[in-house]
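Okay, thanks for coming, everyone. Let me put the structure up and then walk you through a few parts of it.

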Amino acid sequence: MSEKATISAVCWIPRGAAKQMPQQYELTEEDKQELDEIAQQHGDRVVGGSDDDMDDGAGAASSSAAPKKKSSKKSKGGDDFESRFNMDAYDDESDFEGHQFFSALEADRPKGKDPNIVNDEDSEDGEAVEIRPDDLLLLAASAEQEWSVLEVYLYDEKGGSFYVHHDVPVGSYPLCLEWINQASTHPEGGNLVAVGSFEHHIDIWDLDVLDALEPVASLGGAPAGSSSGKKKVGKKKSKAAGSHNGPTLALSRNPHQRHVLASGSADETVKVWDLLQTTCLQTYTHHSNKVQCVRWHPIEPAIMLTASYDKTVALLVG
């Protein structure tokens, strides 16, 4: 197991925003096809090594399983001990009494459901997955040596426990997080997060889904209708209109317009996105270096602050 390299970003999940019982991810036909292809590619590794290795293993197993010869040398007084307790016939003794004992236990076992058990399902597993309305949730981007995940931490104020409730594998190194509650797939609201990474697109993940394999939507990146994540050999991967041309370093959701998200990038631009349409509404190019911070005004919905490695801070009024 690889050690964690760093926690690259954190953000709070508003209290009461998460579902009480997160749902399990359901595989689509495309997911099943991709998993079948991976299984076929690595099938030889799953089955085992070569025939020689199997023979060697079988030989070792047979040699280890071979019975050892009893030593003919006996200690002083050994004959009297074996004859007194009949040790030579020890393995031949019947275990009828033992079987009779366990048969009695089986006969005494009550038939049907136990009336004292109210819920015969895996109640412990259900309690472990359940998120209460008063639980505090913190989302952390954990970048490991070969893989990156989003970890949903749960803090129980009453019990004083703090642990990872579930995680979401995101693959690409995450650089920034922003909790959102609207997307093209969730127009009525949801428990979502926008993730900026070294990729030239912003992924949106559903935090109420366990073991999710892919984001519910993306801003920029591959154009709509193309197969996501699959590169064709010899062809340059195309990008949707309005995509960033560098890593996304900062994200900010408009507190008054839930469907509006701002992003700052290493390509020196600031973009404003429509989460419901997954399109770029506006691109600002007033900075001359990487944009590492964007923030909407908490009261005025049309005012935004941006900061850059060019050592300037800009106030934008839409």
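**A walk from the surface to a covered strand**

So, let's start on the outside: L27, L35, I38 and L213 make up a nonpolar patch on the surface, and together they have about 350 Å² of accessible area. One of those, L35, sits in helix α1, which covers residues 29-41. Is L35 buried, exposed or partly exposed? With a relative accessibility of 41%, L35 counts as partly exposed.

Before I go further, please keep in mind that this is a predicted model.

Now the overall picture. The protein chain has 6 helices and 17 strands. It has 318 residues, and 31% of them are buried. For the whole chain, the accessible surface is about 21,400 Å², with 52% of that belonging to carbon and sulfur atoms. And if you take the contacts with a separation of 6 or more, 47% of them are between residues 24 or more positions apart.

Okay, on to the part I want to spend some time on, strand β12. That's residues 260-265, and 6 of its 6 residues are buried. In a regular strand, side chains alternate between the two faces of the sheet. So which residues of β12 are on which side, and are they buried or exposed? On one side you have V260, A262 and G264, on the other L261, S263 and S265, and all of these are buried, so both faces of the strand are covered.

Which strands does β12 pair with? Let's take β11 to begin with, residues 248-253: β11 and β12 pair in the antiparallel sense, over 5 bridges. If you want a spot to look at, R253 has L261 in β12 as its bridge partner. The two strands are joined by a hairpin, through 6 residues.

Then there's β13, residues 270-274. This one also runs antiparallel to β12, and 5 bridges join them. Here G264 stands opposite V270 in β13. β12 and β13 form a hairpin too, with 4 residues between them.

Have a look at the turn in that second hairpin. E268 lies in the loop between β12 and β13, and its phi is near 75°, a positive value in a residue other than glycine. E268 is partly exposed, with a relative accessible area of 32%. A bit further along there's T278, in the loop between β13 and β14. Phi of T278 is near 50°, again positive in a residue other than glycine. T278 is partly exposed as well, at 29% relative accessible area.

Let me go back to β11 for a moment, to L249, which lies in that strand. What does L249 touch, leaving out residues up to four places away in sequence? The list is L175, C176, G264, S265, A266, K290, V291 and Q292. Two of those, G264 and S265, you've already met in β12. L249 itself is partly exposed, with a relative accessible area of 24%. And D267 is 18 residues away from L249 along the chain, with 9.8 Å between their C-alpha atoms.

Last thing, the cysteines. How many disulfides does a search of the whole structure find? The search comes back with 0. As for how covered the cysteines are, I'll give you two of them: C280 is partly exposed at 22% relative accessibility, and C293 is partly exposed at 33%.

That's it from me, so over to you.

Note on methods:
Residues numbered from 1 in each chain as written. Predicted model: local features only at pLDDT ≥ 70, side-chain atom pairs only at ≥ 80, totals over all residues. Heavy atoms only, no water. Buried < 20%, exposed > 50% of the residue type's maximum accessible area, 1.4 Å probe, protein only. Contact = heavy atoms within 4.5 Å. Areas by Shrake-Rupley, 256 points an atom, 1.4 Å probe, with all protein chains shown as cover. Pairing = 2+ DSSP bridges. Disulfide = S-S within 2.5 Å. Patch = residues over 30% accessible without salt bridge, like charges linked within 9 Å, V, L, I, M, F, W, Y side chains within 5 Å. Salt bridge = Lys/Arg side-chain N within 4 Å of Asp/Glu carboxyl O.
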